[in-house]
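Colleague: Please put the model up. I would like to go through its salt bridges and one of its helices.

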Amino acid sequence: MPVTPKTPEELVIMREAGRINALALQAMRQAVRPGISTLELDAIAAEVLRQHGARPAFLGYPPGGEHPFPATITASINDELVHGIPRADRLLREGDIISLDCGTIFNGFVGDSAITVGVGIISAEAQRLLEVTEQALYEGIAAALAGNTTRDIARAVQRFVEQHGCSVVRDYAGHGVGRAMHEDLHVPNWWPNGRHSRYFRSEMLRPGHTFAIEPMISAGRAPVRTLDDHWTVVTQDGSLCAHFEHTVAVAPAGPPLILTAL
Ligand code: MG
Ligand code: MG
């Protein structure tokens, strides 16, 4: 199905949804400390959304699903990559790294963004993983130019990550964002050599295309599995992993607009 660019009016609303989402992430980042629970962080994000007349995109997702997600954020610690469920008994400890992912619905449009942050003093290995993953996101963003393709983004992310000795998780990807959290555009973080399945169809980027770029990176090997809670994704080898995400809009010329910036 062809991907429809957003109108300038729609982009104004998406920028506001993204800004509110950024405020929720900022509030959580400031609250991260040893001893706080992931459910307390979830409540902080939920309150920011409420104060701005927005609502959570993850809560109850997917609608009609067998195991709808029960919270505003996903909180994923250390070897947990994505989709961790906030819990009152899950307390942060000094040296942990935690991925905080939040989705906001405002005036019918979605913003989706994630950060990974350290708790207190973290190891040099963890710090390096955070830096590689965040910079990989910006490498992907720099490739999100009108006339480029989703393959250019994927290759930019993969090249940077592998140059730095880390692994791109294969199983998850960025996605179109708009009135729905997951629209048609598929934005992988890696690209196969010499194989072009339908899954990896390269899409031309056009002004007004809006999508999430979200490298999910392991300090060790790439394979992941999902826990019995139906959501939490962990690395199979127990490696530390990280996740950074922005929702962006392709510009008529030059770099994209980061919709989920503050
Ligand atoms: Mg997200
Ligand atoms: Mg996303």
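Modeller: The side chains of Glu203 and Arg201 meet in a salt bridge, at 3.3 Å from N to O. A salt bridge here is a side-chain nitrogen of Lys or Arg within 4 Å of a carboxyl oxygen of Asp or Glu. This is a predicted model, in which local features need pLDDT of at least 70 and side-chain atom pairs count only at pLDDT 80 or more. Residues are numbered from 1 along each chain as its sequence is written, and side-chain values use heavy atoms, with hydrogens and water left out.

Colleague: Is Glu203 buried or exposed?

Modeller: Buried means under 20% relative accessible area, exposed over 50%, and partly exposed in between (1.4 Å probe, protein chains only). Its partner Arg201 is at 52%, so Arg201 is exposed. Glu203 has a relative accessible area of 18%, so Glu203 is buried.

Colleague: Which residue forms a salt bridge with Glu183?

Modeller: The closest N and O atoms of the pair are 2.9 Å apart. The pair links distant parts of the chain, 177 residues apart: Glu183 is in strand S8 (residues 183-187), the partner in the segment before helix H1 (8-31). Helices (H or I, at least four residues) and strands (E, at least two) are DSSP runs, numbered from the N terminus. Glu183 is partly exposed at 26%, and the partner, buried at 11%, is Lys6.

Colleague: What should helix H3 span?

Modeller: The expected span is 1.5 Å times one less than the number of residues. Helix H3 has 19 residues (124-142), and its end C-alpha atoms are 27 Å apart, which agrees with the expected 27 Å.

How values were computed. Chains lettered and ligands numbered in written order.
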